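Please find below a short note on the structure, arranged as numbered points. The points are best read with the sequence and the model side by side.

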Amino acid sequence: MLPTKKPTRHYHTLEEIRLRKEELASQIQQDNTKFSTLWNQTFVKREGSTKGEYISGLIANSITAIDAFLLVRKLIKNYGGIFGMTSKKSKKRH
């Protein structure tokens with residue numbers, strides 16, 4: 001999400017600037033805590049994975065990799081001119 005542009009505030013005294021600085025510092029601290037929590041939850045180590053779960057994960061990742069490879073191959077074959085690559089058929093014709 002992109003930050004929204006808020007209207008600028010006009011400060012008339014140093015005290016107003018100090019108060020705003022403290023507000024921003026507390027908001028930054030809250031955001032930092034929130035991001036730290038989310039970051040740590042992202043990399044939670046799974047406990048008790050069995051050999052069967054390991055193998056099924058390996059197979060699923062392999063199928064995904066093969067599918068991605070075949071998709072890229074098909075896209076380059078059909079739209080190779082867009083990527084700056086020519087197909088074998090066009091090389092034979094020239």
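1. Tyr54, Ile55, Leu58, Ile59 and Ile63 together make a nonpolar patch of about 520 Å² on the surface. The model in which this patch appears is a predicted one.

2. One member of the patch, Tyr54, may be examined individually. Tyr54 belongs to helix α2, which covers residues 51-79. Is Tyr54 buried or exposed? Its relative accessible area is 56%, and a residue counts as exposed when this value is over 50%; Tyr54 is therefore classed as exposed.

3. The protein as a whole may be considered next. Its secondary structure consists of 3 helices and 0 strands, and the order from the N terminus is α-α-α. Of its 94 residues, 2% count as buried. The accessible surface amounts to about 9,900 Å², and carbon and sulfur atoms account for 61% of that area.

4. How many salt bridges does the model contain? The count is 2. In one of them, Arg9 pairs with Glu23, and the closest N and O atoms are 3.8 Å apart. This pair connects distant parts of the chain: Arg9 is in the segment before α1 (14-42), while Glu23 is in helix α1, and the two are 14 residues apart.

5. Glu23 also takes part in a salt bridge with Arg20, where the N to O distance is 3.2 Å. Why are Arg20 and Glu23 separated by about one helical turn? Both lie in helix α1, and they are 3 residues apart, which means a separation of about one turn of the helix.

6. The salt bridges share partners, and Arg9, Arg20 and Glu23 are thereby joined into one network. As for accessibility, Glu23 has a relative value of 37%. Partly exposed residues fall between the limits of 20% and 50%, so Glu23 counts as partly exposed.

Methods. Residues numbered from 1 in each chain as written. Predicted model: local features only at pLDDT ≥ 70, side-chain atom pairs only at ≥ 80, totals over all residues. Heavy atoms only, no water. Helix = DSSP H or I, 4+ residues; strand = E, 2+ residues; numbered from the N terminus. Buried < 20%, exposed > 50% of the residue type's maximum accessible area, 1.4 Å probe, protein only. Areas by Shrake-Rupley, 256 points an atom, 1.4 Å probe, with all protein chains shown as cover. Patch = residues over 30% accessible without salt bridge, like charges linked within 9 Å, V, L, I, M, F, W, Y side chains within 5 Å. Salt bridge = Lys/Arg side-chain N within 4 Å of Asp/Glu carboxyl O.
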